[in-house]
Amino acid sequence: MKLVLAIEIGVNSSKVGLVNQYGDLQAKFSVDHDINNLISNLYNKIIDGLEAIGINYEEEIDKIGLAMGGYIDHMLGIVRYSANLDLKNYNIKQIAEELFKKPIFVINDANASALGEFWTGVAKQYDSIIFYWLDGGIGGAIITEGKLAPGSRGFAGEFGHGGGVFQNKYPCPCGLEGCIEPMSSMPGIENHFRTTFKSKKNHPASDFFNNPETVTFKEIVEAYEEKGYPYEITDLLSEALEPLVMHMASMINALDPEAIILAGGLTDLDSKLIEIIETNIKKYIIEMFAEELTIEIAELGNDSTMIGSAYYALNDWKIF
């Protein structure tokens, strides 16, 4: 069996991996971008990188799975909009296939990450999951009855924006009302802590930080752990995560998943993140759902997107 070349396009660089039919990541490396020549630069550097590790591209690579952020039309392989790379209606599949001369399958990065966990990670035991990517932004994916539900154009899973008034304290740059991202993402949590400390100089949680009004998410996690998880910090985290909890409750009530899978930098809070969600979600879902709710933290880390994009390429339309 030949290998799948998995490419995860980031902002300044791309991660590249070789994945076999069992989901084993057999090699990986990264390449820096030339933003003015994105695909041709990727092609040249990837071919050089493969040669450096002894891989014959023509003979050993069967397909290519390509994942990236933004609104990705998975059926046509067109980037409808990517703010980070300033792309709009960009036919990345066609452009890349002209250079790589291999079948290329394009998918949103959060969807790919969910598929990776579903294939070989913590979610492999489930048929129906809701996947949340919680980091600098908030995204996600839905897998139901063993199949990814990407929506008609591949846009499903944009959990961070719109969909209801989950909070009205912080406006979102996207222009929609009530978005969860400005409050429940990592930057959102930082901002909530800073804003609280600026408006309430004697807030009890401020005593745990050297510079409360400029505190970072990393410092919040470190203080939380070192001080034995004080309730003062728990309360602020619960406030910041409330929009996320409300969103999860809506998804649970609508889709009845077997499990919620969490990934991204916010999972540095580890079991305390799960505990806060489980505690606060009870007021939004019926008791039966609450009692049977399973929340787990993803286990593949930064490799999940590459593994998932390979799974997508291997299975093509059969995963939908």
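## A selection tour of the predicted model

Start by selecting Glu 299, which is partly exposed at a relative accessible area of 49% (buried means under 20%, exposed over 50%, partly exposed in between, with a 1.4 Å probe and protein chains only). The model is predicted, so local features need pLDDT of at least 70 and side-chain atom pairs count only at pLDDT 80 or more, while totals for chains, interfaces and linings use all residues. Residues are numbered from 1 along each chain as its sequence is written, and side-chain values use heavy atoms, with hydrogens and water left out.

**Stop 1: Glu 299 and Lys 124**

Add Lys 124 to the selection: Glu 299 forms a salt bridge with Lys 124, with 3.8 Å between the closest N and O atoms (a side-chain nitrogen of Lys or Arg within 4 Å of a carboxyl oxygen of Asp or Glu). Glu 299 sits in the loop between β13 (295-297) and α11 (304-315), and Lys 124 in the loop between α4 and β9, so the pair ties together parts that are 175 residues apart in sequence. Helices (H or I, at least four residues) and strands (E, at least two) are DSSP runs, numbered from the N terminus. Lys 124 counts as exposed, at 52% relative accessibility.

**Stop 2: the whole chain**

Zoom out and colour by secondary structure. The protein chain has 11 helices and 13 strands. Its radius of gyration is 20 Å, close to the 20 Å that the globule rule gives for 320 residues, so the chain is as compact as a globular protein of that length (taken over C-alpha atoms; the rule is 2.2 Å times the number of residues to the power 0.38). Along the principal axes, the C-alpha atoms fill a box of roughly 65 × 45 × 35 Å. Of the 320 residues, 53% are buried.

**Stop 3: two further salt bridges**

How many salt bridges does the count come to? The count comes to 10 salt bridges.

Select Glu 8 and Lys 15, whose closest N and O atoms are 3.3 Å apart in a salt bridge. Glu 8 is buried, with a relative accessible area of 16%, whereas Lys 15 is partly exposed at 26%. Lys 15 belongs to strand β2 (residues 13-19). Show Ile 46 as well: its C-alpha lies 9.8 Å from that of Lys 15, and the two residues are 31 apart in sequence.

Next, select Lys 272 and Glu 275, which meet in a salt bridge at 3.4 Å, N to O. Both residues lie in helix α9 (residues 271-281), 3 residues apart, about one turn of the helix. Is Lys 272 buried or exposed? Lys 272 counts as buried, at 17% relative accessibility. Glu 275 is partly exposed, with a relative accessible area of 41%.

**Stop 4: positive phi**

Most residues other than glycine have a negative phi. Select Asp 270, in the loop between β12 (259-263) and α9. Asp 270 is not a glycine, yet it has a positive phi of about 55°. It is partly exposed, with a relative accessible area of 45%.

Then go to Lys 101, in the loop between α3 (92-100) and β8 (104-108). Lys 101 has a positive phi of about 60° and is likewise not a glycine. Its relative accessible area is 63%, which makes it exposed.

**Stop 5: a glycine in a strand**

Select Gly 139 in strand β10 (residues 138-144). Gly 139 is buried, at 12% relative accessibility. Now add Gly 160, which is 21 residues from Gly 139 in sequence and 5.7 Å from it in space, C-alpha to C-alpha.

**Stop 6: a negative surface patch**

Which residues form the negative surface patch? Select Asp 127, Glu 145, Asp 256, Glu 258, Glu 287, Glu 291 and Glu 292. Patch members have over 30% relative accessible area and no salt bridge; like charges are joined within 9 Å, nonpolar side chains (Val, Leu, Ile, Met, Phe, Trp, Tyr) within 5 Å.

Within the patch, Asp 127 lies in the loop between α4 (109-120) and β9 (129-134). Asp 127 is partly exposed, at 48% relative accessibility.

From Glu 258, move to Thr 294: their C-alpha atoms are separated by 6.9 Å, and the residues are 36 apart along the chain. Thr 294 lies in the loop between α10 (287-292) and β13. The tour ends at this residue, which is partly exposed with a relative accessible area of 26%.

Terms used
Accessible areas come from the Shrake-Rupley method with a 1.4 Å probe; for residues, only the protein chains shown count as cover. Lys and Arg count as positive and Asp and Glu as negative; His and the chain ends are not counted. The place of a charge is taken as NZ of Lys, CZ of Arg, CG of Asp or CD of Glu.
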